[in-house]
Amino acid sequence: MLQIKTEDLAPEVPRMASITLLAGRDKSGRGEPLPQLSVEAGQSLAVVGPTGSGKSELLSDIEQWADRDTVTGRRLVVSDGPTGRPHDGGGIVARLSQKTSFVMDSSVEHFLHIHAECRNRGQETIVEQTLDAANQLCGEPIRLGTSLQVLSGGQSRALMIADIAFISDAPVVLIDEIENAGIDKLKALSILSASDKPILVATHDPILMLMAPRRLVMREGGMQRVIETSPEERERLAELRRMDAHLCRARDLIRAGDTLQEREPAL
Ligand SMILES: Nc1ncnc2c1ncn2[C@@H]1O[C@H](COP(=O)(O)OP(=O)(O)OP(=O)(O)O)[C@@H](O)[C@H]1O
Ligand SMILES: [Mg+2]
């Protein structure tokens with residue numbers, strides 16, 4: 001069982017930031033139905049909608065600190081957090097994007113050390129802690145001496161998630177499809193949720209959609225509405241999690257080269 005203590009996570013940085021995204025226009029140039037979206041510190045929000053509906057673009061607007069200067073015309077307002085747009089050297093956001101790969105050619109250990117040093121993380125154990133968390137998310141372990149360039153897609157994502165949780169000092173976390181690449185999405189979310197940072201998760205996974213207390217619905221590039229997860233939906237969530245656990249067990253057995261007949265009872 002993964003246990004993350006809040007004080008282990010990026011300890012010397014401001015955690016509190018609430019963000020408001022003022023509406024712009026959808027893909028057809030029409031004003032967005034939802035006039036503004038606010039996410040408070042410590043809250044999480046799922047971003048849902050069909051493929052191409054603008055989920056990643058919305059995360060980009062937050063990452064780029066949009067000021068009516070992106071394709072959507074939205075504007076981001078940040079309170080209780082650091083000031084200055086990302087290109088001023090500040091940067092409020094840690095983003096796990098949909099496509100992940102490292103351009104740097106170094107060992108995992110060197111990368112984590114450099115990043116920890118840049119962020120003034122003084123603890124001696126930070127590299128080991130980060131690697132340990134990453135390895136709880138992926139099947140085949142990442143080693144300190146491994147080159148970043150030979151990590152698989154899932155290992156890269158696992159390392160980035162652990163890096164965001166333990167080393168990054170950004171007070172807002174944006175996650176684009178955490179369910180990608182076969183990593184344990186629930187463990188990943190629990191690592192990332194162990195701080196007060198607002199977390200926005202763009203997802204196609206119904207479990208992740210319902211785990212957030214609220215979800216933003218996107219359509220044709222526009223913010224449509226925010227729905228609060230109802231008590232009935234939370235009950236359905238428990239049922240969906242049981243089904244998902246069953247599916248994941250079957251997946252793990254099959255991908256480990258095992259067979260299902262004797263080992264896995266039918267649902
Ligand atoms: N409001 C908008 N105005 C203009 N273009 C937009 C707007 N929103 C999204 N787009 C564009 O539409 C395309 C699809 O958007 P995006 O990649 O955000 O979809 P998505 O919901 O993340 O899809 P997927 O689920 O496949 O990841 C992108 O090229 C994006 O730049
Ligand atoms: Mg996307």
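In what sense do strand S6 and S7 pair, and over how many bridges? In this predicted model, strand S6 (residues 172–176) is joined to S7 by four bridges, and the pairing is parallel. Within that pairing, Leu174 is the residue that stands opposite Leu200 in S7. The chain as a whole contains seven helices and nine strands. It comprises 267 residues, of which 38% are buried. Among contacts with a separation of 6 or more, 71% are made by residues 24 or more positions apart.

Strand S7 (residues 199–202) has a second partner in strand S3 (residues 44–48), to which S7 is joined by four bridges, again in the parallel sense. Along this pairing, Ser44 has Ile199 of S7 as its bridge partner, and Val47 stands opposite Ala202. In a regular strand, side chains alternate between the two faces of the sheet. In S7, Ile199 and Val201 point one way, whereas Leu200 and Ala202 point the other way. Residues on both sides of S7 are buried.

S7 and its two partners belong to an open sheet of six strands, arranged in the order S5-S6-S7-S3-S8-S9 with mixed pairing. The edges are occupied by strand S5 (93–96) and strand S9 (222–228); each has a single partner strand, so one side of each is left without a neighbour in the sheet. From one strand to the next, the twist averages 20°. Helix H4 lies across S5 and S6, and runs at about 165° to S5.

A further set of pairings involves strand S1 (residues 18–22). S1 pairs with strand S4 (residues 75–79) in the antiparallel sense over five bridges, and in this pairing Leu21 stands opposite Leu76. S1 also runs antiparallel to strand S2 (residues 36–39), with four bridges between the two; here Ile19 stands opposite Val39. The two faces of S1 differ in their surroundings: Ile19 and Leu21 form a covered face, whereas Ser18, Thr20 and Leu22 form an uncovered one.

In soluble globular proteins, nonpolar side chains tend to be buried together. The largest nonpolar core of the model has 63 residues, and the members that touch the most others are Val47, Ile161, Leu192 and Val201. Helix H4 (residues 153–166) makes the greatest contribution to this core, with eight residues. Val201, which lies in S7, illustrates how distant parts of the sequence meet. Leaving aside residues up to four places away in sequence, Val201 touches Ser44, Ala46 and Val47, together with Ile175, Ile178, Leu208 and Ala212.

Helix H5 (residues 185–193) includes Ile191. Ile191 counts as buried because it has 23 C-beta neighbours inside 10 Å, where the criterion is 20 or more. In sequence Ile191 is 25 residues from Phe166, and the two C-alpha atoms are 9.0 Å apart in space.

Two residues stand out for their backbone geometry. Trp65 has a phi near 50°, a positive value in a residue other than glycine. Trp65 is placed in the loop between helix H1 (55–63) and S4, and counts as buried because it has 22 C-beta neighbours inside 10 Å. Glu177 likewise is not a glycine, yet has a positive phi of about 55°. The loop that holds Glu177 is the one between S6 and H5. Glu177 is buried, since 20 other C-beta atoms lie within 10 Å.

The surroundings of ligand 1 complete the description. There are 15 residues around ligand 1, and those that come nearest are Gly54, Lys55, Ser56, Glu57 and Gly221. By class, this shell consists of nine polar residues, five charged residues and one nonpolar residue.

Methods
Residues numbered from 1 in each chain as written. Chains lettered and ligands numbered in written order. Predicted model: local features only at pLDDT ≥ 70, side-chain atom pairs only at ≥ 80, totals over all residues. Near = placed C-beta within 6 Å. Nonpolar A, V, L, I, M, F, W, Y, C, P; charged D, E, K, R; others polar. Core = buried A, V, L, I, M, F, W, Y, C linked by C-beta atoms within 7 Å. Buried ≥ 20, exposed ≤ 12 C-beta atoms within 10 Å, placed from the backbone. Contact = placed C-beta atoms within 7 Å. Pairing = 2+ DSSP bridges. Axes fitted to C-alpha atoms, helices over the stretch in contact; angles between N-to-C directions.
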